Amino acid sequence: MKKKIIIIGGGKIGSTIFNFLSLFDTLDLTLADSNKTTLATHNKAPSHPHRRTLLLSDPCDFDNLFQQNDYLAVINAGPFFLSITLAQAAFNQGLSYFDLTEDVESCEFIQTLARSSKSQHVFVPQCGLAPGFISILARHLYGQFERIESVQLRVGALPQFPTNQMLYNLTWSTAGLVNEYCNMCLGIEQGELVHQAPLENKEMFSLEGVDYEAFNTSGGLGTLTQTLAGKVEQLNYKTVRYPGHRDFMTFLLRDLKFQEKDKRASLVQLLDENIPMTSQDRVLIIVTVCGDIKQPTNGMSRYQQLTELRHVHSQTIELPGQAAQNYSAIQICTAASLCAVVELWLKNQLPNTGFVRQESISLALFYQTHFGQYLLP
(Lines give C-alpha, C1' and ligand atoms only; values in the text may rest on other atoms or scores of the structure.)
Protein backbone atom coordinates (compact mmCIF):
# COMPACT_ATOMS: atom_id res chain seq x y z
CA MET A 1 0.00 0.00 0.00
CA LYS A 2 1.31 3.44 -0.92
CA LYS A 3 2.03 5.91 1.85
CA LYS A 4 -0.14 9.02 1.62
CA ILE A 5 1.50 12.37 2.30
CA ILE A 6 -0.12 15.78 1.99
CA ILE A 7 1.95 18.90 1.28
CA ILE A 8 0.32 22.12 2.49
CA GLY A 9 1.45 25.08 0.38
CA GLY A 10 1.86 25.01 -3.37
CA GLY A 11 4.28 27.91 -3.74
CA LYS A 12 7.80 27.65 -5.09
CA ILE A 13 9.13 25.47 -2.27
CA GLY A 14 6.00 23.34 -1.84
CA SER A 15 5.85 22.66 -5.58
CA THR A 16 9.50 21.66 -5.62
CA ILE A 17 8.96 19.27 -2.71
CA PHE A 18 5.99 17.81 -4.60
CA ASN A 19 8.15 17.26 -7.70
CA PHE A 20 11.14 15.90 -5.79
CA LEU A 21 9.15 13.40 -3.71
CA SER A 22 7.48 12.11 -6.88
CA LEU A 23 10.68 10.13 -7.38
CA PHE A 24 9.30 7.59 -4.90
CA ASP A 25 6.72 5.26 -6.40
CA THR A 26 5.84 4.15 -2.87
CA LEU A 27 4.23 7.53 -2.13
CA ASP A 28 0.76 8.88 -2.85
CA LEU A 29 1.19 12.68 -2.86
CA THR A 30 -1.32 15.50 -2.53
CA LEU A 31 -0.34 19.14 -3.04
CA ALA A 32 -2.85 21.41 -1.30
CA ASP A 33 -3.29 25.18 -1.45
CA SER A 34 -6.09 27.71 -1.09
CA ASN A 35 -5.00 29.53 -4.26
CA LYS A 36 -6.38 28.03 -7.48
CA THR A 37 -3.76 29.81 -9.59
CA THR A 38 -0.93 28.31 -7.53
CA LEU A 39 -2.16 24.80 -8.33
CA ALA A 40 -2.90 25.50 -12.00
CA THR A 41 0.53 24.49 -13.33
CA HIS A 42 0.32 21.07 -11.73
CA ASN A 43 -3.25 20.58 -12.91
CA LYS A 44 -2.10 21.14 -16.50
CA ALA A 45 0.67 18.55 -16.20
CA PRO A 46 0.11 15.00 -17.48
CA SER A 47 -2.10 13.08 -15.09
CA HIS A 48 -0.40 10.79 -12.62
CA PRO A 49 -2.32 8.25 -10.53
CA HIS A 50 -0.36 9.03 -7.37
CA ARG A 51 0.01 12.82 -7.70
CA ARG A 52 -2.96 15.07 -7.17
CA THR A 53 -3.80 18.62 -6.14
CA LEU A 54 -6.38 19.79 -3.64
CA LEU A 55 -7.96 23.24 -3.44
CA LEU A 56 -8.35 24.17 0.22
CA SER A 57 -11.13 26.28 1.64
CA ASP A 58 -9.94 29.48 3.30
CA PRO A 59 -9.92 29.17 6.25
CA CYS A 60 -9.47 25.40 6.23
CA ASP A 61 -10.52 22.93 8.91
CA PHE A 62 -7.30 20.91 8.88
CA ASP A 63 -8.51 18.54 11.59
CA ASN A 64 -11.45 17.56 9.43
CA LEU A 65 -9.28 17.32 6.30
CA PHE A 66 -6.79 15.01 7.96
CA GLN A 67 -9.51 12.95 9.62
CA GLN A 68 -11.28 12.24 6.33
CA ASN A 69 -8.12 11.02 4.59
CA ASP A 70 -5.72 8.26 5.42
CA TYR A 71 -2.59 10.43 5.41
CA LEU A 72 0.58 9.18 7.04
CA ALA A 73 2.24 12.59 7.27
CA VAL A 74 1.79 16.28 6.57
CA ILE A 75 4.52 18.49 5.14
CA ASN A 76 3.97 22.16 5.94
CA ALA A 77 5.37 24.30 3.13
CA GLY A 78 2.99 27.16 3.88
CA PRO A 79 3.65 30.48 5.62
CA PHE A 80 5.28 30.33 9.06
CA PHE A 81 2.10 31.45 10.85
CA LEU A 82 0.36 28.18 9.87
CA SER A 83 2.91 26.04 11.71
CA ILE A 84 1.16 25.88 15.09
CA THR A 85 -2.26 25.23 13.51
CA LEU A 86 -0.99 22.46 11.24
CA ALA A 87 1.19 20.82 13.89
CA GLN A 88 -1.76 20.74 16.30
CA ALA A 89 -4.03 19.18 13.67
CA ALA A 90 -1.36 16.60 12.81
CA PHE A 91 -1.01 15.75 16.50
CA ASN A 92 -4.79 15.47 16.94
CA GLN A 93 -5.12 13.07 14.00
CA GLY A 94 -1.97 11.02 14.61
CA LEU A 95 0.06 12.18 11.60
CA SER A 96 3.78 12.71 11.44
CA TYR A 97 4.73 16.32 10.79
CA PHE A 98 7.51 18.08 8.88
CA ASP A 99 7.99 21.79 8.21
CA LEU A 100 10.43 24.53 7.16
CA THR A 101 9.74 27.13 9.82
CA GLU A 102 12.38 29.50 11.16
CA ASP A 103 9.88 30.88 13.67
CA VAL A 104 11.16 30.26 17.21
CA GLU A 105 7.75 30.41 18.89
CA SER A 106 6.31 27.82 16.49
CA CYS A 107 9.21 25.43 17.04
CA GLU A 108 8.91 25.70 20.82
CA PHE A 109 5.19 24.89 20.58
CA ILE A 110 5.86 21.87 18.35
CA GLN A 111 8.59 20.65 20.70
CA THR A 112 6.17 20.75 23.63
CA LEU A 113 3.44 19.09 21.57
CA ALA A 114 5.72 16.25 20.49
CA ARG A 115 6.36 15.15 24.09
CA SER A 116 2.91 13.57 24.07
CA SER A 117 2.98 12.26 20.48
CA LYS A 118 1.74 8.78 19.74
CA SER A 119 4.02 5.89 18.88
CA GLN A 120 5.26 5.93 15.27
CA HIS A 121 4.48 9.64 14.84
CA VAL A 122 7.38 12.08 14.60
CA PHE A 123 7.53 15.86 14.64
CA VAL A 124 10.43 17.22 12.60
CA PRO A 125 10.21 20.99 12.17
CA GLN A 126 12.88 23.26 10.68
CA CYS A 127 13.78 20.90 7.81
CA GLY A 128 14.84 23.61 5.37
CA LEU A 129 18.18 25.29 4.84
CA ALA A 130 18.57 27.44 7.97
CA PRO A 131 17.46 26.03 10.26
CA GLY A 132 17.81 22.59 8.76
CA PHE A 133 20.79 21.55 6.69
CA ILE A 134 22.98 24.19 8.34
CA SER A 135 22.43 22.43 11.70
CA ILE A 136 23.28 19.01 10.22
CA LEU A 137 26.46 20.43 8.71
CA ALA A 138 27.37 22.18 11.97
CA ARG A 139 26.97 18.93 13.93
CA HIS A 140 29.31 17.19 11.49
CA LEU A 141 31.94 19.83 12.21
CA TYR A 142 31.63 20.39 15.95
CA GLY A 143 31.37 16.65 16.54
CA GLN A 144 35.07 16.41 15.65
CA PHE A 145 36.10 18.66 18.56
CA GLU A 146 37.07 17.62 22.05
CA ARG A 147 36.36 21.16 23.29
CA ILE A 148 34.13 23.56 21.36
CA GLU A 149 34.92 27.24 21.71
CA SER A 150 32.74 28.79 19.00
CA VAL A 151 30.26 27.77 16.31
CA GLN A 152 29.41 30.38 13.68
CA LEU A 153 26.74 29.84 11.02
CA ARG A 154 26.36 32.10 7.98
CA VAL A 155 23.79 31.71 5.19
CA GLY A 156 22.83 33.98 2.31
CA ALA A 157 20.20 33.57 -0.40
CA LEU A 158 21.50 36.13 -2.87
CA PRO A 159 20.46 37.34 -6.33
CA GLN A 160 23.08 36.72 -8.99
CA PHE A 161 22.35 40.05 -10.72
CA PRO A 162 21.18 42.66 -8.17
CA THR A 163 20.31 46.05 -9.70
CA ASN A 164 18.37 48.00 -7.07
CA GLN A 165 19.73 50.07 -4.18
CA MET A 166 19.02 47.26 -1.70
CA LEU A 167 21.14 44.87 -3.80
CA TYR A 168 18.42 42.31 -3.24
CA ASN A 169 15.67 40.38 -4.99
CA LEU A 170 12.99 38.25 -3.39
CA THR A 171 13.84 34.57 -3.62
CA TRP A 172 11.54 32.99 -1.01
CA SER A 173 8.68 33.79 1.37
CA THR A 174 8.51 37.54 1.99
CA ALA A 175 6.53 36.98 5.21
CA GLY A 176 9.28 34.66 6.45
CA LEU A 177 11.94 37.19 5.48
CA VAL A 178 10.24 39.99 7.43
CA ASN A 179 9.70 37.65 10.38
CA GLU A 180 13.40 36.82 10.71
CA TYR A 181 14.39 40.48 10.23
CA CYS A 182 12.07 41.61 13.06
CA ASN A 183 12.19 38.97 15.80
CA MET A 184 14.77 38.73 18.56
CA CYS A 185 17.71 36.40 17.89
CA LEU A 186 18.97 33.68 20.20
CA GLY A 187 22.64 32.90 20.64
CA ILE A 188 25.27 31.94 23.18
CA GLU A 189 27.92 34.39 24.40
CA GLN A 190 30.50 33.55 27.09
CA GLY A 191 28.63 30.31 27.67
CA GLU A 192 25.30 31.99 28.42
CA LEU A 193 22.09 32.09 26.40
CA VAL A 194 21.51 35.61 25.07
CA HIS A 195 18.77 37.44 23.20
CA GLN A 196 20.10 39.83 20.57
CA ALA A 197 18.40 42.38 18.34
CA PRO A 198 17.97 41.54 14.65
CA LEU A 199 20.14 43.40 12.12
CA GLU A 200 22.83 44.01 14.79
CA ASN A 201 26.43 42.74 15.10
CA LYS A 202 27.20 43.48 11.47
CA GLU A 203 30.42 42.01 10.14
CA MET A 204 32.13 42.40 6.77
CA PHE A 205 34.05 39.71 4.90
CA SER A 206 35.27 38.80 1.44
CA LEU A 207 35.08 35.45 -0.29
CA GLU A 208 36.53 34.65 -3.70
CA GLY A 209 36.84 38.35 -4.48
CA VAL A 210 33.27 39.32 -3.54
CA ASP A 211 32.45 41.53 -0.54
CA TYR A 212 29.61 40.62 1.84
CA GLU A 213 28.03 41.77 5.07
CA ALA A 214 26.38 39.54 7.68
CA PHE A 215 24.11 40.45 10.59
CA ASN A 216 21.81 38.90 13.18
CA THR A 217 18.52 37.42 12.03
CA SER A 218 16.08 35.25 13.94
CA GLY A 219 15.58 31.50 13.87
CA GLY A 220 18.56 30.21 11.92
CA LEU A 221 20.05 28.31 14.85
CA GLY A 222 16.98 26.13 15.31
CA THR A 223 17.45 24.01 18.43
CA LEU A 224 21.26 24.34 18.50
CA THR A 225 21.07 26.71 21.47
CA GLN A 226 19.52 23.84 23.45
CA THR A 227 21.81 21.14 22.08
CA LEU A 228 25.01 23.11 22.73
CA ALA A 229 24.01 24.70 26.03
CA GLY A 230 26.91 24.30 28.46
CA LYS A 231 29.16 22.98 25.68
CA VAL A 232 30.19 26.10 23.75
CA GLU A 233 31.38 29.61 24.59
CA GLN A 234 29.95 31.30 21.50
CA LEU A 235 27.19 30.29 19.09
CA ASN A 236 25.61 32.62 16.55
CA TYR A 237 23.81 32.75 13.23
CA LYS A 238 23.89 35.60 10.72
CA THR A 239 22.29 36.24 7.34
CA VAL A 240 24.65 37.15 4.50
CA ARG A 241 23.84 39.98 2.09
CA TYR A 242 25.70 42.31 -0.27
CA PRO A 243 27.11 45.41 1.52
CA GLY A 244 24.56 48.15 2.19
CA HIS A 245 21.45 45.97 2.33
CA ARG A 246 21.25 46.06 6.12
CA ASP A 247 21.18 49.88 6.21
CA PHE A 248 18.13 50.03 3.94
CA MET A 249 16.32 47.40 6.02
CA THR A 250 17.18 49.25 9.23
CA PHE A 251 15.65 52.42 7.75
CA LEU A 252 12.44 50.58 6.85
CA LEU A 253 12.11 48.58 10.04
CA ARG A 254 13.23 51.09 12.65
CA ASP A 255 13.00 54.60 11.23
CA LEU A 256 9.70 53.94 9.43
CA LYS A 257 8.62 51.56 12.23
CA PHE A 258 7.67 48.64 9.97
CA GLN A 259 9.06 46.28 12.61
CA GLU A 260 5.95 46.91 14.72
CA LYS A 261 3.71 43.85 14.55
CA ASP A 262 0.68 45.69 13.20
CA LYS A 263 2.78 47.09 10.33
CA ARG A 264 4.60 43.96 9.20
CA ALA A 265 1.87 42.87 6.79
CA SER A 266 2.15 46.28 5.13
CA LEU A 267 5.90 45.81 4.74
CA VAL A 268 5.36 42.38 3.18
CA GLN A 269 2.96 43.96 0.68
CA LEU A 270 5.38 46.83 -0.01
CA LEU A 271 8.26 44.48 -0.75
CA ASP A 272 6.13 42.07 -2.81
CA GLU A 273 4.87 44.91 -5.00
CA ASN A 274 8.20 46.71 -5.50
CA ILE A 275 11.09 44.24 -5.16
CA PRO A 276 11.21 41.80 -8.10
CA MET A 277 11.30 38.07 -7.51
CA THR A 278 14.15 36.20 -9.19
CA SER A 279 15.00 32.57 -9.83
CA GLN A 280 18.56 33.56 -10.85
CA ASP A 281 20.05 33.27 -7.40
CA ARG A 282 22.77 31.57 -5.44
CA VAL A 283 23.01 30.30 -1.89
CA LEU A 284 26.09 30.72 0.27
CA ILE A 285 26.50 28.42 3.30
CA ILE A 286 29.41 28.75 5.75
CA VAL A 287 29.96 26.97 9.06
CA THR A 288 33.06 27.72 11.13
CA VAL A 289 33.99 25.94 14.38
CA CYS A 290 36.94 26.71 16.68
CA GLY A 291 38.18 24.64 19.60
CA ASP A 292 40.45 21.79 20.56
CA ILE A 293 40.89 18.64 18.48
CA LYS A 294 42.81 15.63 19.74
CA GLN A 295 45.69 14.74 17.39
CA PRO A 296 45.69 11.09 16.28
CA THR A 297 49.49 10.97 16.19
CA ASN A 298 50.25 11.86 19.81
CA GLY A 299 46.88 12.14 21.58
CA MET A 300 47.53 15.81 22.40
CA SER A 301 44.83 18.44 21.91
CA ARG A 302 45.45 21.30 19.51
CA TYR A 303 43.53 24.57 19.06
CA GLN A 304 42.09 24.52 15.54
CA GLN A 305 39.50 26.06 13.24
CA LEU A 306 37.50 24.07 10.69
CA THR A 307 35.24 25.60 8.05
CA GLU A 308 32.73 24.04 5.65
CA LEU A 309 31.60 26.02 2.60
CA ARG A 310 28.76 25.30 0.19
CA HIS A 311 27.90 27.36 -2.85
CA VAL A 312 24.67 26.38 -4.66
CA HIS A 313 23.43 27.99 -7.89
CA SER A 314 20.11 27.91 -9.70
CA GLN A 315 20.05 25.11 -12.22
CA THR A 316 17.93 23.08 -14.59
CA ILE A 317 16.94 19.68 -13.22
CA GLU A 318 15.26 16.89 -15.16
CA LEU A 319 13.50 14.50 -12.81
CA PRO A 320 12.35 11.05 -14.00
CA GLY A 321 8.96 11.29 -15.70
CA GLN A 322 9.01 15.11 -15.58
CA ALA A 323 10.05 17.78 -18.04
CA ALA A 324 13.31 19.61 -17.38
CA GLN A 325 12.67 22.62 -15.15
CA ASN A 326 14.71 25.51 -13.85
CA TYR A 327 14.88 25.67 -10.07
CA SER A 328 16.26 28.55 -8.05
CA ALA A 329 19.09 27.85 -5.63
CA ILE A 330 16.88 28.51 -2.60
CA GLN A 331 14.24 26.13 -3.99
CA ILE A 332 16.85 23.42 -4.42
CA CYS A 333 18.49 23.88 -1.01
CA THR A 334 15.26 24.13 0.95
CA ALA A 335 13.30 21.39 -0.81
CA ALA A 336 16.26 19.01 -1.03
CA SER A 337 16.94 19.42 2.69
CA LEU A 338 13.37 18.56 3.65
CA CYS A 339 13.04 15.74 1.13
CA ALA A 340 16.27 14.15 2.36
CA VAL A 341 14.92 14.15 5.93
CA VAL A 342 11.59 12.67 4.78
CA GLU A 343 13.49 9.98 2.87
CA LEU A 344 15.48 9.08 5.99
CA TRP A 345 12.19 8.82 7.90
CA LEU A 346 10.68 6.57 5.22
CA LYS A 347 13.77 4.35 5.49
CA ASN A 348 13.40 4.18 9.29
CA GLN A 349 16.71 6.00 9.75
CA LEU A 350 15.20 8.61 12.08
CA PRO A 351 13.67 8.10 15.53
CA ASN A 352 10.12 6.79 15.02
CA THR A 353 8.39 8.81 17.74
CA GLY A 354 8.51 12.32 19.17
CA PHE A 355 10.54 15.43 18.38
CA VAL A 356 13.59 15.17 16.10
CA ARG A 357 16.25 17.88 16.12
CA GLN A 358 18.00 18.58 12.83
CA GLU A 359 21.44 18.31 14.42
CA SER A 360 20.66 14.74 15.48
CA ILE A 361 20.70 13.72 11.80
CA SER A 362 23.91 12.25 10.39
CA LEU A 363 25.47 14.20 7.50
CA ALA A 364 26.72 10.91 6.05
CA LEU A 365 23.18 9.49 5.98
CA PHE A 366 21.87 12.78 4.58
CA TYR A 367 24.29 12.50 1.66
CA GLN A 368 23.17 8.93 0.97
CA THR A 369 19.66 10.10 0.10
CA HIS A 370 18.49 10.98 -3.41
CA PHE A 371 18.54 14.67 -2.51
CA GLY A 372 21.78 15.01 -0.58
CA GLN A 373 23.68 15.39 -3.86
CA TYR A 374 22.37 18.94 -4.25
CA LEU A 375 24.22 20.06 -1.10
CA LEU A 376 27.52 18.32 -1.62
CA PRO A 377 30.68 20.48 -1.51
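## A walk from the cavity outwards

Start inside: there is one cavity of 30 Å³ or more in the structure. Bear in mind that you are looking at a predicted model. The largest cavity holds about 30 Å³ of space. To see its walls, select Met166, Tyr168, Leu170, Leu177, Tyr181, His245, Met249, Leu271 and Ile275, which line it. Now colour helix H7 (174-182) and helix H9 (245-255): these are the elements that give two or more residues to that lining.

**Stop two: the parallel sheet**

Next, show strands E1 to E6 along with E17. They form an open sheet of seven strands, paired in parallel, in the order E3-E2-E1-E4-E5-E6-E17. At the edges sit strand E3 (51-55) and strand E17 (354-355), each with a pairing on one side only.

Zoom in on strand E5 (residues 96-99) and strand E6 (residues 122-124), a parallel pair with two bridges. Pick Phe98 and you will find Val124 of E6 opposite. Keep E5 on screen and add helix H4 (residues 83-93), which packs on the sheet and touches E1, E4, E5 and E6. The direction of H4 makes about 160° with that of E5.

Helix H1 (residues 12-21) is next: H1 lies across strand E1 (3-8), strand E2 (27-33), E3 and strand E4 (73-76). Relative to E2, H1 runs at about 165°.

**Stop three: two cis prolines**

Most peptide bonds are trans, so exceptions are worth a click. Select Asp58 and Pro59: the peptide bond from one to the other is cis, with omega near 5°. Pro59 belongs to the loop between E3 and helix H3 (62-68). Then move to Ala130 and Pro131, also joined by a cis peptide bond, where omega is about 5°. For Pro131, the loop is the one between E6 and helix H6 (133-142).

**Stop four: strand E12 and its partners**

Select strand E12 (residues 234-241). Seven of its eight residues are buried, so the rest of the structure largely encloses this strand. Which strands pair with E12, and in which sense? Strand E7 (residues 147-159) runs parallel to E12, joined by six bridges, and Gln152 has Asn236 of E12 as its bridge partner. Strand E8 (residues 185-189) pairs with E12 in the antiparallel sense over two bridges; here Glu189 stands opposite Gln234. Strand E11 (residues 210-216) is antiparallel to E12 as well, with four bridges, and Glu213 faces Arg241 across that pairing.

**Stop five: cysteines without a bond**

How many disulfides does a search of the whole structure find? Zero. Select Cys185 to see one reason: the closest cysteine sulfur, in Cys182, is 10 Å from its own, too far for a bond. Cys185 is buried, at 2% relative accessible area. Cys339 tells a similar story, because its sulfur lies 9.8 Å from the closest cysteine sulfur, in Cys127, again too far for a bond. Cys339 is buried too, with 0% relative accessibility.

**Last stop: two asparagines with positive phi**

Most residues other than glycine have a negative phi. Click Asn201, where phi is positive, near 55°. Asn201 is in the loop between strand E9 (192-196) and strand E10 (203-207), and is partly exposed at 39% relative accessible area. Finish at Asn348, which has a positive phi of about 60°. Buried or exposed, this Asn348? Exposed, at 66% relative accessibility. Its loop runs between helix H11 (329-346) and E17, and E17 takes you back to an edge of the seven-stranded sheet.

Key: Residues are numbered from 1 along each chain as its sequence is written. This is a predicted model: local features need pLDDT of at least 70, side-chain atom pairs count only at pLDDT 80 or more; totals for chains, interfaces and linings use all residues. Side-chain values use heavy atoms; hydrogens and water are left out. Two strands pair if DSSP finds at least two bridges between them. Contact means heavy atoms within 4.5 Å. Axes are lines fitted to C-alpha atoms, for helices over the stretch in contact, and angles run from 0 to 180 degrees between N-to-C directions. A disulfide is a pair of cysteine sulfur atoms within 2.5 Å. Buried means under 20% relative accessible area, exposed over 50%, partly exposed in between (1.4 Å probe, protein chains only). On a 1 Å grid over the protein atoms alone, a cavity is a set of points where a 1.4 Å probe fits but cannot get out, and a pocket is an open set with protein on both sides within 12 Å along at least five of seven lines; lining residues have an atom within 4 Å of a point. Grid points are joined across faces, edges and corners, and a volume is the space filled by probe spheres set on the points.
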